[in-house]
There are 2 protein chains.
Amino acid sequence: MPRPPTDGPVEKQALTTTSEARKPRSDGSPTNALAADLTRQLGPRKVLHQLSERLNYRYDAIQFGVTPLAVVLPESTADVVAAVKAARAAGVPVVGRGAGSGLSGGSAPMQEALVIAFTRMTALQVFPERREAVAQPGVITLKVTEAARPHGLIYPPDPASFRTSTIGGNLAENAGGPMCLKYGVTGDYVTALEFVDAAGDVHRVTRDAYDLAGLLIGSEGTLGLITEATLRLIPPAKFTRTLMAHFAEVGQAAEAVSAAIAAGAVPAKLEFMDRACTNAIEDYLHLGLPRDAEAVILVDTDGNDLDTVTGELALVEQACAAAGGVTRLARDPAEADALWQARRSISPALGRIRPQRMNEDIVVPRSALPDVVREIRALGDASGFHLVQFGHIGDGNLHPNIMFDPRTESPQAVHDLAHRIALVALRHGGVLSGEHGIGTMKRDFMTDALDPATLDALRDVKRALDPAGTLNPGKILPDPQTPEAPHAHP
Amino acid sequence: MPRPPTDGPVEKQALTTTSEARKPRSDGSPTNALAADLTRQLGPRKVLHQLSERLNYRYDAIQFGVTPLAVVLPESTADVVAAVKAARAAGVPVVGRGAGSGLSGGSAPMQEALVIAFTRMTALQVFPERREAVAQPGVITLKVTEAARPHGLIYPPDPASFRTSTIGGNLAENAGGPMCLKYGVTGDYVTALEFVDAAGDVHRVTRDAYDLAGLLIGSEGTLGLITEATLRLIPPAKFTRTLMAHFAEVGQAAEAVSAAIAAGAVPAKLEFMDRACTNAIEDYLHLGLPRDAEAVILVDTDGNDLDTVTGELALVEQACAAAGGVTRLARDPAEADALWQARRSISPALGRIRPQRMNEDIVVPRSALPDVVREIRALGDASGFHLVQFGHIGDGNLHPNIMFDPRTESPQAVHDLAHRIALVALRHGGVLSGEHGIGTMKRDFMTDALDPATLDALRDVKRALDPAGTLNPGKILPDPQTPEAPHAHP
């Protein structure tokens, strides 16, 4: 849940770690032993130890954590190994970090830690004949496609933050994006990984038995620190066509989507915005969106054959009309871009409503969407919070967002509402996260999603790869002893 | 490696297990304590204890193992739980098994064990609106598509044995098939799993962090026994077109394939057969295949738009011609089927050459294929063994097959040749297995493929989920103490 910007209270929420990892707090001075040791080993250019510098590394795009003891900016796998070993020697946990654009708290330290920020590890090589790119974790997501495009290739995963997010962060959270309905998520494009484990050993793994690479992907740096990834590239579709449709009811939109997919259309992108979301964007940009519509969807079809692409869009258009929707086809790329501008501006539009928000990330069966959207709407109305819903409705990934002002509204109430939303998803056969990860935000909800025996199995896996619990403690796995404890101290 | 059909020598190759799991051998009588206990709990219909019955469960399609102490034929997850708990109480390891059509020894017990054969767990439900099927492990692969097709859906993974193989076996080995170039392997279609762990606890997992489902897939029953899988279904392509091409050199075929893919064709299937393979088929079926060609490829393109499908096939045809190949387009589905008959008959054709074969399963970068095929050919010629090569050349998956007669040819020499072939793949940046798994056949080679630290990490994962080492011992992971020991005792 959102943390107040102070180091105190969240201490209570740290995952069980060995006592050696819980050194007495430093006073924030630049002379703590770990920072000094790292500076000695790596040189001053790679280590941040001033409080003013460290403060920036305690939060991601939404969640707050604890100010790190020191920050290392490695330039090589060897630097990462040195940093992990130094932290281990000092009994300090390690938290990996990319651009900090995450939404679930994955990169926010939950106790005093060494942050390893990968932003300088930006080596990127494209191998067109293998249709692969080899990227260090600090490579910005968009750069992969930029480097591949001259060779007629792209890297499809496109999280909304792809202009700033890094490959390492995308891997840590197994990030998705609008294109994941047709093209899959980050993990689907990984053929090999290099990672540094809790002991500082370096491993190179492919997607063989046991799929250690798959285990690392989405593990938020709790099982190892990914230092290089080999990524699959594909040729981009030659043609793309865009449609917007709006509906008087959310159920109509969901029905149209299901009917279009059943008729054989597999849209490249399929985004949904509810009325509150559309109005937030309209207040912000005055794009002329239909303020009265309960649901707006944005659809791209793509492919190499124009007839097929327009044919698929026609299927979507017919399904929308049959469900009672009003459709609008983009006549050219400029108009398509204008339509998509609405989707891209959701985050800034919501930022104007309240200073903070909790961004949920549930996935539910497509057939359950009308009920789920309605139930969450009702929960939002009953709570009194400003709540908007949007998401990649094609694969059932919905982002209910709760807007709030922590000065006047209770973060505990926000957390409780997020919890009730998660329970709606689980009741309809859904899961807690589609593309943001579990992080700190949803780790308490894991006890709802998984039975105790399975949670124990996850803990066994964690312990196997990180016996001392020093890798990003306080993430994904709820505290085994007192799962409800974090609720008590918002 | 291939085992002689006797229980003795392979004992040496069992993975380290707890001493409790190594009870004195039973004399094969139906009255061993475990069989008696299981019969009491599950009833006589679900337990096989006669030697004549148990003998059938000691091998897969190629590899031999040890005759099991007893065989359970569970009809529910509860039966599996009871069987695992009974085996645990008796200190006997557990080996899961589907149709036994595997090629790497995954389902062959390597020490006296309880075999759990899933062939009676055949419940299958299709949920068209979710585009998913829920299958028990004993469902035959083909049945999934047969059940889905009336709803306009298919299940793409198509291992060569899909008419007999089971979903459980496919999951255990993460099976591929010709369609995996365009459509992916078994694991790509799994959205959720139920499994029974080493202690007999039941878990249900989706593809969340940590991706325990992904870890189970391809783990050959060494981390848990999968008792149910939720599988993604997709609409089949409306049109398919087929082409055969032959070449004077293997390099030309590889060049044609790379050029076609670079030009934008993504074939649904792309199979390669070398001269020895083509001649074996020709000796068997007299299809009129070109006996002098060093390489024959079979290509399907598919899609929903006929122009695109024929356009992609034209790209392949042009690339083949430009590389010096001779092409032949199938005029109709019957002719396409006749061309594919060649590929389907490889196994029976090879069975006529020698009574046994070792079927390798390497994957190498497509660009390395000409060198790899040449080097393996040279190794085969130098060894004196009859060696043929075929495989899904589109994704670099090559199956060098070593034919041999264990009465006159040394299984150790076969194993050594297979090892040298594996080393060729690794030297060219390849991996040990594309779709057959590691099993017993390639576990010795794992020390070549992975560094010691990474192997230790895999062992840590194994220990986390199977602390006593009772789940399918002797598979995937080489013996940590004496990795070369198995070589000494063929």
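In the predicted model described here, A70(B) stands opposite L114(B) in β4(B). The two strands concerned, β2 (residues 70-72) and β4 (residues 114-117) of chain B, run parallel and are joined by 3 bridges; strands count as paired if DSSP finds at least two bridges between them. Helices and strands are themselves DSSP runs, numbered from the N terminus, with H or I over at least four residues for a helix and E over at least two for a strand. Helix α3 (residues 77-90) of chain B packs on this sheet and touches β2, β3 and β4 of chain B, contact being taken as heavy atoms within 4.5 Å. The direction of α3 makes about 170° with that of β4(B), where angles run from 0 to 180 degrees between N-to-C directions and axes are lines fitted to C-alpha atoms, for helices over the stretch in contact. The sheet is open, with 4 strands in the order β1-β2-β4-β3 (chain B) and mixed pairing. Its edge strands are β1 (47-48) and β3 (94-97) of chain B, each of which pairs on one side only.

As for the basis of these values, residues are numbered from 1 along each chain as its sequence is written, while chains are lettered from A and ligands numbered from 1 in the order in which they are written. Because the model is predicted, local features need pLDDT of at least 70 and side-chain atom pairs count only at pLDDT 80 or more, whereas totals for chains, interfaces and linings use all residues; side-chain values use heavy atoms, with hydrogens and water left out.

Chain A also holds an open sheet of 4 strands, in the order β1-β2-β4-β3 and with mixed pairing. Here β1 (47-48) and β3 (94-97) of chain A stand at the edges with a single partner strand each, so one side of each has no neighbour in the sheet. Strand β3(A) runs parallel to β4 (residues 114-117) of chain A, with 4 bridges between them, and V94(A) stands opposite L114(A) in β4(A).

Turning to the relation between the chains, a rotation of 180° with 0.1 Å of shift along its axis superposes chain A on chain B (RMSD 0.0 Å). The two copies are thus related as by a two-fold rotation axis; the superposition is by least squares on the C-alpha atoms of residues with pLDDT of at least 70 in both. Since 100% of the interface residues of chain A are also interface residues in chain B, the copies meet through the same surface.

Elsewhere in chain A, the axes of helix α8 (residues 250-262) and helix α10 (residues 306-322) come within 8 Å and cross at roughly 140°. The contact involves A256(A), A259(A) and A260(A) from α8(A), together with L315(A), V316(A), A319(A) and C320(A) from α10(A).

A salt bridge, defined as a side-chain nitrogen of Lys or Arg within 4 Å of a carboxyl oxygen of Asp or Glu, is found 52 times over all chains. One of them joins K182(A) to D302(A), with the closest N and O atoms 2.6 Å apart. This pair links distant parts of the chain, 120 residues apart: K182(A) is in helix α6 (residues 180-183) and D302(A) in strand β12 (residues 295-303) of chain A.

Some backbone details deserve a look too. The peptide bond from A209(A) to Y210(A) is cis, with omega near -20°, and Y210(A) lies in the loop between β8 (202-206) and α7 (212-216) of chain A.
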